[in-house]
Amino acid sequence: MLFADKIKQLREDSGQLQRKVAAALDIDAGLYSKIEHGERPAKREQVIALASILHTDEKELLTLWLADQIKEITEPEKEIAAEAMEMVKMK
């Protein structure tokens with residue numbers, strides 16, 4: 001949960017409450033809590049908005065978000081995941 005850990009850290013470091021961040025994203029606090037705990041993935045547009053809300057680098061957040069998605073997809077297929085990633089690098 002690279003992304004979830006990062007947004008929680010950034011939010012806490014900036015002294016913002018979950019409900020305030022959720023309101024800025026136009027979602028309810030329960031949904032934001034699930035995103036922050038890694039129980040529900042954020043949407044790409046939410047990641048971009050979070051970068052602005054939390055005053056952090058958009059590319060870094062998007063990279064962590066994508067890394068979590070890749071991990072989630074490849075985790076059940078560990079045996080072939082590395083080979084698949086190598087194929088992606090060659091394209």
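## A tour from Glu60 outward

Start by selecting Glu60: this residue is partly exposed, with a relative accessible area of 33% (buried means under 20%, exposed over 50%, partly exposed in between, with a 1.4 Å probe and protein chains only). You're looking at a predicted model, where local features need pLDDT of at least 70, side-chain atom pairs count only at pLDDT 80 or more, and totals for chains, interfaces and linings use all residues. Residues are numbered from 1 along each chain as its sequence is written, and side-chain values use heavy atoms, leaving out hydrogens and water.

Now add Lys6. It forms a salt bridge with Glu60, the closest N and O atoms being 3.5 Å apart (a salt bridge is a side-chain nitrogen of Lys or Arg within 4 Å of a carboxyl oxygen of Asp or Glu). Lys6 sits in helix H1 and Glu60 in helix H5, so the pair ties together parts 54 residues apart in sequence (helices are DSSP runs of H or I, at least four residues, numbered from the N terminus).

Next, pick Leu61. Which residues does Leu61 touch, not counting those up to four places away in sequence? Among them are Phe3, Lys6, Ile7 and Leu50 (contact means heavy atoms within 4.5 Å).

Hop over to Glu36 and Arg11. Their salt bridge has its closest N and O atoms 2.7 Å apart. Glu36 counts as buried at 3% relative accessibility, and Arg11 does at 9%. Add Glu12 too: Arg11, Glu12 and Glu36 are linked in a network of salt bridges.

Last stop: Glu75 and Lys78, another salt bridge, at 3.1 Å. Here Lys78 is exposed, with a relative accessible area of 58%.

Terms used. Helices (H or I, at least four residues) and strands (E, at least two) are DSSP runs, numbered from the N terminus.
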